[in-house]
Structures are given as structure tokens and as C-alpha cells.
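Here are some short exercises to work through with the model open in your viewer. Try each task before reading its solution.

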Amino acid sequence: MLSLLIVCVFAAPAASDVGQIPSPQTLSKWNFMLENKFSQLAEQVTHFKYVQKIYESDNKHVRLRELNGEGMLKQTLSKMRDLLERKEAALQRLVQAAEDAVSNHKYSPGLNMLDVPYLNMKELRKGDERLRFNPSFLQNVTLKESGVHIPLEIYEGWMGHRYKVLWWHDPQILNGLRWSSALDAVFKENARLDPNLKWQYFGSQRGFMRVYPAFRWPENTDLPDLFDVRRRSWYIQGSVSPKDMIIMIDTSGSVHGQTFDIMKIAVKAMLHTLGENDYVNVAWFNNEVDWVAPCLSTLVPATSHNKRLMFDAVDQLQEGNYTSYSAALEFAYEAFRQFEENKQPWEGSNCHKVIMFFTDGGTEWPEEVILKYQSDNVTRNVRIFTYASGPHPIPTVILKSIACTTNGYYNTLTAAAAIRPRMQDYVKILGRPLIQSGEDTLYEWSNFYRDIGGLGMMATVTLPVANLTEKSNQSLVGVMGVDVALSEIESQYSKQIVGPLGYGFAINQNGFVVFHPRLQDQLAFMEEPSDLDILELEGHKLDSVTVRDAMVAGEEGSLLNVTHLQILDSKHAMPVRMNFHFGQIGNSTFRFCLAIPVNHVVMEVSSQSHEAGLRFESNKGVLVAPWTFCDGLDQDPSVMLLSEAIANNTNNCSQKNLAQHLLWDAAKIGQILKDWENKAEPRARSRFIFTDSGITAVHPDTEKIHFINQRDPSRNGFFKQTAQSKSYVYRVKHAKRNAVRTTSVMVGRKIVIKQQNRVFIAAAVGAEVDEQIISQMFLNITSTGVGSNNEVLCNKPDELTCYLIDQGAVVVASNQENAKIGVRLSDLDPQVMSQLLSEGVFKREHSFSHQTWCPRRKTRKQMLAELAAAGSSRFGLFSASWASNLLSLVDTLTLTLSTVLWWGLPTLGETIAAVGWEPSVERNFSCVTRATWLHHTGRPHFLGAYECDQCVRPITAAFLPDLALLLVVADAPCQCRNNAFIDVSNTEMDACSLKSKFRLRPDTCFHQDNSSDCGLSSSFASSCSLSPLLLVLANLVQQVLIFRGPN
């Protein structure tokens, strides 16, 4: 329950002259008057008694029952399993069709672009007549064919899709486009069999992606298109078994300048390819060796937290001294040995073991070290992938020998432009055993990520696609994927049945959150989703750990009557007694849990007329929760649309309890809105009612826009608070009206239905009152005392500080002129708040906020290096907005001419670095922060004092149960040398402090590879076949075209 506190603070001039708070008689009077007057105001502005009477009338078609949580869990798990199996069946049909098409395709080296028609999604423009709006995809699509996305540098040419270069094409891409066009028939058949099916796609090992249905690719005129399907987590996870990886980066004196930059970008790009089932660490070496991040002293999960720590550490590396390959490899091999000896049973991949070795070349042959560890059972299967880095790597024969001796792979990185395609080579090599295994049911479910197609949070189920032409040497063609929307999975359980305080969440076999009500969407689809453990949201108490570990292990069970802290919003939380019921979803990596309040009651409604809903003319002032009320009916329907569907018995919703419940509420709300219209209340800025069935009604209707984010009861903190409270609830609300920020106080109370000994929370009715009305009432009451005329009252703000606060310690009213309503008391008066915390009136709780933006200052060169590692186009320069001025034309010509001297191609980062631009820039990144909540412990009274520097400041606090508020009164603040400070700010999660937690590693591993290919055929030059002269000419032409703009 949330309550408000009135806080009065009195300051004493010295210990010998301690200030006095008002007399007990005065404080008692204030308590009584506040509860009496504020309750009267609440009843008058909300018409609570009238609304309660409406809900108690005519309930003959209503039945209350206690929810069977275990039974609901079994039904939900069954529905979720069937849903996932439908997606897997669709995927299996696609893979079979793809492998047949590859086997039947005859490779043609002479194909050109005109021979292979395809729909390039980046060429689609707004208003294209081929596209039609589709409500299932929330945008314009074409169901007639699939669309294709191709990364800029691998096929479309460095001039971008706006300026086609017909004389440069890749026959392998063209052949892939030709055979994969056969997938369109299966795409369409899958969509017919499953109307709720979302995106279906094939990601080619060559880099192109075919998607059904085709849509207009998102366009950003200021940045190059960074998307490459091979870098998506679902692609990598679906094409290679998990791995333990140690990355070694040479920091000797010979790797200075451009070579060192290339290696740093490459290491980050390598880290980007790793997922949550992989373990990794990065070490630097010259004649010494050590981990780049001192707090990571062994292999750790490749989570976004750990990778971010390594990114930052790599940025700080400096070159110097000479190099020792023997010392570096000895360190790496020993790290594998120590990890195997000391790890917990659940740690590590127990699959591939690889060393990624980045250096500019050398002559030292560490044969003795390699032979020593190849005879060790723990390290004999470690494979070393070597990367000769820099525009002029010194002799690389040794690097080739190291790779071939250890069944690894040798590659070259002569320019930053080569990093992205070369990083894909190792995935192809390590993925060979999986393809050659012949297994065709290796379904991999990704965690949820934000869909680039605009459908919100998606998970992808994948299967690898093999080239079966040569039975003895099968190879990876690509990865097939089918999406399932988070909203579709969540719709398999009824949010309305579990009530505003109940919720469902899912985790995977690593304990990471798949979905949770508090989990926000990612803010940018190119940012990786943070791998947030469920304990960071549910708390680290023993009960939460028990539930987590049982879910990770795939157990089905329950944990009953657990005290659980529910987070309502950024400032409010409250303890609730909950039952947790959990189990595994089929054979997938997902586990689902229903969290339901103890003794939760549900209401079953029948025989409701649809006419009440039809009377909601134009839906004025009415909002509906974004739930699936009827099969096949879009989310966010109007009440009238729902009523028509029910009346016509369409969309399979006429018998659904949720739809019936909504109609029952609609009839009640019609009467309530009429009452509000006939009985104006000038003190109410708006009046509203939130119903359990998902209707939100607001009067006047012009205020409806300010309640859109509260229309879902499961995400409505105010509804949750009133549901748990036995009295009125007060909450400060900020809103923008006519571009002016306004502050009001929401006051409301729950509406209940009683039947026998059961109580059902049907709704919450409330009103918005201007904060000045609340403040004036507060001051009027606390400015009159009982007894002595010398008594200090709240009308003397310099001598007495008085606060009315809620159970989240948020100030609702104050006698201080500069006090901001709606902020925490800890911000306004840390002395008082610290005393209330230390005396147990309030308690501080910590949890984590997912996907917030954290600022980080970086040099422009560091920022661009990260962009390059994340997938910057080789020719990204020519898509940047600043390239359209004359100065960039001159700079580009200079840089292009210098490029010819070392036969490499510049990236955007290299270009800016070359012309000397090094300003510091601010770049936000996606992160997880620790947040703090304060909540009232239930203690009804407090009398004490804050002391510092011989100053004694009396403080009293009293809980007002009819208002769920607290009155706090104190003397004026003490002037202390070390003032009290309550830190409630959000701070970034410290990755170094995260401890290893129980997980369930994947139960399959394919790592045996007898191939003799170790990369000796890798070429030193860039993959581009253009001559240096043509590069210079083409760069100039491109700049002129950009300067002039497209036709």
C-alpha cells in the first residue's frame, strides 16, 4: 500500500536550546483534520460512493472464484508450446525448400544483374504502388513477393543504392538470389497456414537477406546502412555451437598507428560476434602478457556488460616493447587450463576452444609451446585463428604455420574495411561441424530484440541451411529464421485474469530475462540487448533465487506466499504477497512464470448485451487496453468495434470472458460518464476510471491524451496502488498542456465487488486536482494550533518545515516556498529522510532499470572505431551528411590518392582520422542502471531527532491511514559541516561486481572438424577488384554526385 506522509521539521539553534515541535494536541488535530477534509474532497471530486453503488447493482450474471494458479500455468504452457511448435514447423518447411533449391540449382558464373530480378527493399519509396498497409505488420508491405537486403559493400558497390554501378557484381550473390527466389511459394503457404506469422527470412552466408513480406527498408540519410544479417545474434547463434574464446592482441612497439587501430577495431568486431552462451576474455601481449580488464581474470560469459568492459579496456591499450609469441600462447593455454580446473559445473561452453591471435606478423616460431599443450587433454583441441593486421604486415609465414598446426585458420586484415567480412570467416569455419552433423532439428531460439521491421520486440527461431550437393563435404549456405512477436507470446495468458498486481515473465536457460513487465524495449536496434538476469528485476532474496534456479533447471512447480516488492513506477514500490507458478515452454530454452497475488479472485461474466458498447458514441473519452480481446482482431480496438464483433459472433470472441467482462464494464461506465457530465466539479481537472477489463474512461474527453500510457492495467502503477490500498491514494502527476508543464495530484480509490467471502477489485475511480488546491488545504489546516499562541506552526516556514508525503517518500504538499511537488523528500530534505530511513519508517530497495541511455565521452576516433566494429560500411564516407560540402571533396581526393600507395580502402573513421579531426564527442549507449526505491514500512508513528555538530533537530511523522499519506514535521535544518546525503540516483551497473550464477548450457555441441582448410589461400589485397586508378576516379565522381544531389 502506498501512503502519504506529512513531515514537519524544526531546527534548533543549538544543543542547549533544542527546538520544539507542535504539541501532541495540535499534531493530533492536524491528523484528524487532514484525513477529514481530504477524504471529503476525494469523495466530492470522484463521486466514489456513486460509482461503488453502480458496480454493486445488477450483478446476477457475475460469479467470483479464486484463481487456480497451477491450472492456469498448465494451460498457458500448453498454448505457448503449441505456438512455438507452429513457428518451428513453418521453419522446417522453409529449410527443406531451401536445401532442395540449392541442390537443384546449377551455378552460373556469367549471371548479371539484369538476369536476376529481385525486389530491393532499399529502393522502395513512400507511396510505392506495390505496397499496401497490412495491420498485422503495422506498415505497408507487399504479400506478393519477398524483398532483399544486401549490405552496401558486398554487392551494391561503394556508390550506394542511389547510384548503381552495373559493371561490378558478385556472381555468387546473383546465384544466391536466383535459387532463393523459390522460397516465395513456401513463405506464402506458411502465412496461409498461420495467419499470425510475422517475418520469415533467409540470411545468406554471403551477406544478403531475403524477407517475406517485403517492406520499405528504414532509411537514415545521415548514416550509412550498417545492417548485415550475418552480425545479428540469431544468425550467429543458429550457425555455430558455443565456444570458449581467448582474444590476444599484440601491443608491441611495431603495431603503432594505423595497424594498432585496425587491431582494436577487429577485436571489438570479434566480441560483437559472441553471444550469451559463449565465454570470452581479451589479453594484451608484448614481452609481457595480461588481461585487458584487471577485474576480469578468467573467461567470463560474453554478455553485453562484460563486452562493454572489454571494449573500454581495449581503447586504453598503448603500444611498446618487443613481442613474444611464446609468452602470449603460454598465457592463453594456461588460462584455459586454470578455467577448466576452477570453473563451476555450469560455466564454460564445453565445446569449441579457440584463440584469436591479432598481430602485425613476426618471425618467432613457438613450436615448443604448441606441442606441449597439444599433448595435454585439456588444451589439445584448442584451435588458433591468426590475423596478420595492418597495411604492411611483416613476414606472416609463422602465423600461417600456427594456424595450420592447430587446425585453425589464417587471415589478413590490411585495412579497417576488411574487418567485417573477415570476421565472418571464423563463424563459417567453426560452423562446419554443425552442418556436417546432418542434424535437422537443432532449433535455436534467440532472446528478444527490437525488430528492424518496426514490430517491436521479436524472438527468432533458426535452423542452419546446408548445401547437400556434396554429401561428404556439406557447407553452410545460411540461416533460416521465423519470428514470433513478444505480444503474441504474452497474449497466451490473460493479463486481465491475473489482475493489475499479477504478471507473467519468462527467462531462458541462462537466467536472462526474455520478457517482463518492467523490461523496456531496446532504444536502438543496432544496440545489443542487455543480458539482464531475472534477479536484477525480482531481487536477490532467497525466494527469488529459488524460483530462478528451478526455472533455469527446467523444473515445473510453485513457490507460495512470498513477500515480493512490486515496482510501480520510477519512484514508487510496495510489498505484495505473491504466489509463483513456473515451468518450461515445451522443448525450447524459454521458461515461463505466473506471479499471482495470494488469494487472488477473478470474476466470470456472461450474457452481456453488446448495445452498451455501441452507445459509446465516437469513443469520446474512452480508451481500451492493447490486449487481444478476440482472435484475429487487431490490438487497440475501439469499444464500438469490439461490440460489433461480439454482436455478429465474429472473430471468436462472443463467448470469451474477457469480451463479456468488457461489455459489463461498458454498461457501468455509460452511467458514470453521464453522472460526471451532469454534475460538473470545478476543482477536478479531469475525472477517470480504470477498469480491470481494460477500459479507461476520462472526462472531459480532451484530457484523454494524458492517460494513454495508463490504459493497460498491468502497467498502470496508480491502479496497482489503489488495488492494494484500503483507502484513498494520492499521486503527483506531471503533464504538458499547451506546451506548458503542469502539476496535479491524482486521487483515487478502488471499486470492489463482494460475493460471499470473496472480494474482486473491479476498477479504480479517481480525479485530477490542481496541486495548488492540495497545497492550500494543507497550509490552512497546519496553520492553526491548539493551546499556546506561541506555538510554532507550518505558517512559519523559516522555523518549521512541514511535508505531506506519499508512501514512496514523494512530496505531495509542503510549506516550503521553493519545494518542488512530486520530488522525493530525500532531494528536498536529506536530514529528515536519513532519519526516517535509519529509524525504520522507510526502507530503501534497489533494482535495475533495463535499457536506459548512459553518456560516455569519447574522442571522435574512438567513437568511429566502435561504429566500424559494429558494422560500418567500407564506404560509409559517401553516405555521411558532411560529405556534401566542397572541403570534403578536396579531403577525399587527397585521401584517395594516398590510398593508392598502400592498396587499401578508407572507412569513415580512417578518413576523419587522416584529416586530423580529433574533437571529443558525447555518444550515448544502451546500458543497465541501478535504481533506488523508498517505501513506507507500515510504522504508524515516529518521534525523534536528527543530530549533527551539536545541533538537535526534532522530527515527528504520522501515518494517515485514510489517505495513505504521512505528515512529517521538523525544525529548520541544521547547518552541518557534513550534511546528510541520500543517494537515489541511477548508476550504471558495475560489470566487475557481477557474480557467476547457475545456468544450463546447451546440451548439444558440434566441434569435431577434420577439414584441412586453414586459410592459406587468403589474399593480401582487398576483395575489391577495381584498379587503383578506377578507385580514384570513382571517388571523385561519387563526391560530385553527392555535392550536386541525386536527379
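**Exercise 1. Find the residues that Phe38 touches, leaving out residues up to four places away in sequence.**

Solution. Keep in mind that this is a predicted model. Start at Phe38 and collect its contacts, taken as heavy atoms within 4.5 Å. Phe38 touches Met33, Tyr730, Ile774, Met777, Phe778, Ile781, Leu804 and Leu963.

**Exercise 2. Place Phe38 in its nonpolar core, and work out which helix gives the largest share of that core.**

Solution. Step one: Phe38 belongs to the largest nonpolar core, which has 90 residues. Step two: Phe38 is among the residues with the most contacts inside this core, along with Tyr55, Ile689, Tyr730, Leu836 and Phe842. Step three: the largest share of this core, nine residues, comes from helix H20 (residues 657-678). Step four: look for a second, separate core; there is one of 83 residues, including Met121, Phe187, Leu486 and Val498. As background, nonpolar side chains tend to be buried together in soluble globular proteins.

**Exercise 3. Write down the strand order of the open sheet of five strands and identify its edges.**

Solution. The order is E21-E20-E24-E23-E22, with antiparallel pairing. At the edges stand E21 (513-515) and E22 (557-567); each has a single partner strand, so one side of each is left without a neighbour in the sheet. On average, neighbouring strands of this sheet are turned by 35° against each other, direction ignored.

Now, which helices pack on the sheet? One is H3 (residues 69-104), which touches E21, E22, E23 and E24 (591-597). The direction of H3 makes about 150° with that of E24. Another is H21 (residues 717-724), touching E22 and E23, with its direction at about 100° to that of E23.

**Exercise 4. Follow strand E23 (residues 573-584) through its two pairings.**

Solution. Begin with E22: nine bridges join E22 to E23, and the two run antiparallel. Within this pair, Ile567 stands opposite Ala573, and Thr563 has Arg577 as its bridge partner. The hairpin between E22 and E23 passes through five residues.

Next, go to E24, which pairs with E23 in the antiparallel sense over seven bridges. Here Gln584 has Arg591 as its bridge partner. The hairpin of E23 and E24 has six residues between the strands, and in it Gly586 takes a positive phi near 55°.

Finally, is E23 largely enclosed or largely open? Count residues under 20% relative accessible area as buried. Nine of the 12 residues of E23 are buried, so E23 is largely enclosed by the rest of the structure.

Terms used: Residues are numbered from 1 along each chain as its sequence is written. This is a predicted model: local features need pLDDT of at least 70, side-chain atom pairs count only at pLDDT 80 or more; totals for chains, interfaces and linings use all residues. Side-chain values use heavy atoms; hydrogens and water are left out. Two strands pair if DSSP finds at least two bridges between them. Helices (H or I, at least four residues) and strands (E, at least two) are DSSP runs, numbered from the N terminus. Axes are lines fitted to C-alpha atoms, for helices over the stretch in contact, and angles run from 0 to 180 degrees between N-to-C directions. A nonpolar core is a set of buried Ala, Val, Leu, Ile, Met, Phe, Trp, Tyr and Cys residues joined through side-chain atoms within 4.5 Å. Buried means under 20% relative accessible area, exposed over 50%, partly exposed in between (1.4 Å probe, protein chains only).
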